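User: I am new to this structure and would like a close look at a single part of it. Please take one strand, say what surrounds it, and then place it within the chain.

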Amino acid sequence: ASPAATTMENALVAELSRLIGWAEGAGDGIFTPGGTYSNWLALLCARYRRDPSVKKRGIPAGPRWAVFASDQAHYSLDVAANLLGLGTDHAVRVASDDQGRMRPDALADALREAQASGLDPLLVLATSGTTVTGSFDPLRACRALADEHQAWLHVDGAFGGCALLSPKRAALLDGVADADSVTWDFHKVLSAPIP
């Protein structure tokens, strides 16, 4: 329906994937109306990768999943957990340090506690540029813990993802290339208007 816009979107997604550090052709994506929708979409992708049959049979017959993010992460994780039927009780908030970054030791404890109570870790949401303090979670530690529990790693870079455009600030997203999905929100940082 919009071939020119689709061509532009594909070109920009390819370039953003390159900036993230994904191999050529390995990245894919779409433009969304904002970070909340993008984070919801990441959770949907994580759920589908873990259990492709959920699309047909629904959640009631499936496992009890939990998702994890710092206590400084955007509220959109709770919205997504609600919309996808996981329940906001299963959106676990993890303690952050005095600079607003998710603590890897607290994430490890939260993941273990969830499994001990019968929950299956589905997704770890690491924030790159928290809404209030602009903090960046330690992506490599989050990736290692997500791998340990076979969880999807999503990086919410709605506010701070554009640091990848700066040679001086790109290191704040060290490890982003290992994420399963990434949110960027250009209207926040690049002064791009929302249509």
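Analyst:
**Strand β4 and its surroundings**

Buried residues make up 43% of the 195 residues in the protein chain, and in this predicted model strand β4 is a good place to look at burial in detail. β4 runs over residues 152-157, and 6 of its 6 residues are buried.

Which residues of β4 lie on one side, and which on the other? W152, H154 and D156 are on one side, while L153, V155 and G157 are on the other, and both of these faces are covered. This arrangement follows a general pattern: in a regular strand the side chains alternate between the two faces of the sheet.

β4 also has strand partners. Strand β3, residues 120-127, pairs with β4 in the parallel sense, over 5 bridges, and within this pairing A126 stands opposite V155. To get from β3 to β4 the chain passes through helix α6, residues 139-148, and the β-α-β crossover made in this way is right-handed. Strand β5, residues 181-184, pairs with β4 as well, again in the parallel sense, here over 4 bridges. In that pairing V155 stands opposite V182 of β5, so that V155 of β4 has a residue opposite it in β3 and another in β5.

A further contact of β4 comes from a helix. S38 has its place in helix α2, which covers residues 35-50, and apart from its neighbours within four places in sequence S38 is in contact with T32, H154 and T183. H154 is one of the buried residues of β4, and S38 itself counts as buried because its relative accessibility is 14%, which is under the 20% cut-off.

For contrast, consider Y75, in the loop between β1 (65-70) and α4 (76-83). Y75 counts as exposed because its relative accessibility is 52%, the cut-off for that word being over 50%. Leaving aside neighbours within four places in sequence, Y75 is in contact with T36 and R93; T36 and Y75 are 39 residues apart in sequence, yet their C-alpha atoms are 8.2 Å apart in space.

Helix α1, residues 3-20, shows burial in another form. This helix has 18 residues and reaches 25 Å from its first C-alpha to its last, close to the 26 Å expected at 1.5 Å a residue. Its buried residues include E9, V13, L16, S17 and I20, and they cover an arc of only 100° around the axis, which puts them on the same side of α1. The spacing behind such a pattern is general: an α-helix has 3.6 residues a turn, so residues three or four places apart point the same way. On the other side of α1, P3, A4, T7, M8 and R18 are exposed. After α1 comes G21, whose phi is positive, near 110°.

Finally, the chain as a whole. The protein chain has 7 helices and 5 strands, which follow one another along the sequence in the pattern α-α-α-β-α-β-α-β-α-β-β-α. Its C-alpha trace spans about 50 × 45 × 30 Å along the principal axes. The radius of gyration is 16 Å, which agrees with the value near 16 Å that a compact globule of 195 residues would have. Among contacts between residues at least 6 apart in sequence, 68% join residues at least 24 apart.

Conventions: Residues numbered from 1 in each chain as written. Predicted model: local features only at pLDDT ≥ 70, side-chain atom pairs only at ≥ 80, totals over all residues. Heavy atoms only, no water. Helix = DSSP H or I, 4+ residues; strand = E, 2+ residues; numbered from the N terminus. Expected span 1.5 Å × (residues − 1). Buried < 20%, exposed > 50% of the residue type's maximum accessible area, 1.4 Å probe, protein only. Arc of directions from axis to C-beta. Pairing = 2+ DSSP bridges. Right-handed = clockwise from strand over helix to strand, strands pointing away. Rg over C-alpha atoms; globule rule 2.2 N^0.38 Å. Contact = heavy atoms within 4.5 Å.
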